Amino acid sequence: MIKKLVLLLAFIPLTILGQRTIKGTVKTAEGPLPGASVILKASNTGTVTDFDGNFEFTIPDKANFLVVSFVGYTTKEVQITQENNYQITLEVNAQSLQEVTVKGFSGVIGQARRRAESVQSIPESVVTLTSKDIETKGITNVQTFADQVPNVNFTTSQNVGNNFITVRGISHIRNGESPIAFVIDGVTLPDANLLSQELFDIAMIEIVKGPQGALYGKNAIAGAINITTNQPTNSFKNKISLGFESGNLFKTQFSFSGPLVKDKLFYRIASSYRKGDGVIINKTLNKPVDFIDDFTIRGQLKANLSDNVTATLTGQSIDIKGGSTYYASGVSSPNFSPDDFSAQAIVADQFGKSFLKGTYANLKFETTFVNSKLTSSTTYNKSDRNHIGDLDFTPADVLRQIQDSNSKTFNQEIKLSSLINSDSDLSWDIGAFYQNSDKLLFTKATADFGFFAPPFAPTGTQSTFAVSDFTNTYSTFAAFGFLDYKISDKFTVSVGLRFDNDNIKQDNRTLGTNPSKTDSQLQPKISLSLKASENTLLYTNYGRGYRSGGFNQANTVRFGEGYLAETTDNYEFGMKNSLWNDRIILNMSAYYIDFTNQQLYALLIDGANGNILIGNFNLPKSESYGFEFDFKLRASKYLDILANYGLSKAKILKGTSTYSTGTNERFDVAGMNTPFIPQNSFTLGLESHFNVSKKVVFTGNIFLKGTGKIYWHEDNAAFSNSYSLLNARFGLSFGDLSVKIWGNNIFDQKYITEFFDQPFSNGGSDLAWPGKPSTYGFGLSYKF
């Protein structure tokens, strides 16, 4: 069997005589046209354009014509010549637009499997938003995107870059690895800190749920967020936008794109800047503490080195300053219910500050052969995150904290992929990946010891109280392959396999130790899909998920010196429906996840030895199961009705935990709910996009986002009940000028995004991280 597989992989890249590869772009007077059909005349062979309007596939030498079509536009036949690159413009078909009283949702093209495909045709649970959706819905960051997706929850706390994302019962680990791959333009970013960045100049954003290690590598245990930025263009295109929001928040963005050498060398520069005072008030300082000062700039150069070779150089710099450590503590008692907002308030005497500086560079070469494409991607990423702030969270200057969380990463990936082939029902990818990553974590607590000895009065001097200082280094090599075979017109099988080998070592400067270990994992994935009818796809899949282990600061009562890799076995069944001439989209899925060594976070302050001990520990067995649906109805030319719902039941089956206080009591957690996981989530929305006149377009939406009950610790004693936030956005476009207004959390619902129960925080009080109150804003944008 192995010999047959090796022979198959050896013959896959061979070119086939009598064929060649063509590519091109389909556009309209308004710009690139994604989702357009490009097929060979008198055949079923072809493809659809991606989000940039591009297409590429292999044709026989004898092919004569391309047929290019899209609803509402006049179908066009293009003669195939000796040229390999075709620029095709479709014109509006006025008669067709009059005949189609209500157009359905156009086919959305995504890259969930790292190639352009219709979202409705792949055996994965995917939510994809196009540039039009991003604009209409006001997607500005990962959180506003996650709000549109069932069984996905994204929050922030403590400081800039401290992010938490949960997907289908798989949670983020504080100071640990994200459960989801974060991919920009095909490059997986290694640092979860970068999830904080503002999203701008985006062509597409999507999330694919379920383990994606075969395509995206380790730590894609719960899925991947895939972002595609707008690419450099062969014509000059510019855009600038301005906005103002509650909390004196000023925002501006711009993008400039065009050719440096026509048809050969292109550039794109895009930037985002926002600065505001904040809207969350500290009662002791009597001022807002969630300030932000965020500047990001991204530049791209793309060169057509030949008809078959392109090179793209991308660089990005992020510089964010923001508030930190503004936890609410108990007003009259150190202990309070997470939902009792009258019993908690931000009263710390220190004005917390945090900083995130990130540098990212990527060089990508793409070489196209007759039936395949070779891609080389080289990436360097550096991220420095630090914060200073209060640690006792009271009006007295008793304790302060300082933390640095820095990383440096180098990636190299080589991938060979098939092109769409008129004579083949097989598509494939094979490749290899290398990564070296250093992750430093330095934490220091200081104290005014005058509070701890007679006369129990402040001295005004802060001295070191506890220190933690270590660096974990990961060196990873991986090989991967993916096959998608269309057995018949109705039945397709997909198989993926990835092997990761992680060499992990620690430089523990606090304890003077240097432990090391090796983790390795084979990650198979298999999917079966059946086109039950022209409008219905049934699918099922199995996949192995993997999140690497690592080393903690020390061996303690709460965690050991190291923690094990987390693995999952994932099973999913789903259905995708496009009904009523695509006016109804109904996608549903159910899943079951079997965890081995699920990772959780723990904190222990060891005052006697002067250490802050931060670490992770494992639960031997746990599970998560649930279902989700995503529904869209185009009720009329003027109104879309949108709804989604996700149910997620995450349970601990076997394991123990330990309290951080008192006698460090150990207790059994079997049968408890996994912490940080919303029990359910939903979104209900109304959306509209129509022409008021020939030159004026209206867009608007209202969304109600619901988040279910969350247990904050593994003993399940503290929890937050469900809550809902109402957001709205309306805009008018006058040709190239657009005006918009918006409101978030319109009813000013109070909620929290993190809670530390005192027995687990080892602090002087329960602590809660407050959610954003109601905010309102307006903006202008102009294209030229």
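Q: Why are strand E50 and E51 said to pair, and in which sense?
A: Two strands pair if DSSP finds at least two bridges between them. E50 (residues 752–756) and E51 have four bridges, in the antiparallel sense, so they pair. Strands are DSSP runs of at least two residues, numbered from the N terminus. This is a predicted model: local features need pLDDT of at least 70, side-chain atom pairs count only at pLDDT 80 or more, and totals for chains, interfaces and linings use all residues. Residues are numbered from 1 along each chain as its sequence is written, and side-chain values use heavy atoms, with hydrogens and water left out.

Q: Which residue stands opposite Trp769 in E51?
A: Glu754 does.

Q: Which residues point one way from strand E51, and which the other way?
A: Leu767 and Trp769 point one way. Ala768 and Pro770 point the other way. All are buried, which means under 20% relative accessible area (exposed is over 50%, partly exposed in between; 1.4 Å probe, protein chains only).

Q: Why is Phe784 called partly exposed?
A: Its relative accessible area is 45%. That value lies between the buried and exposed limits, so Phe784 is partly exposed. Phe784 is found in the segment after E52.

Q: What makes Arg298 sit over the ring of Phe200?
A: A charge sits over a ring if NZ of Lys or CZ of Arg is within 6 Å of the ring centre and within 35 degrees of the ring normal. The charged end of Arg298 is 4.5 Å from the centre of the Phe200 ring, so the distance fits.

Q: How far is the charged end of Lys632 from the ring centre of Phe105?
A: The distance is 5.8 Å, and the charged end sits over that ring.
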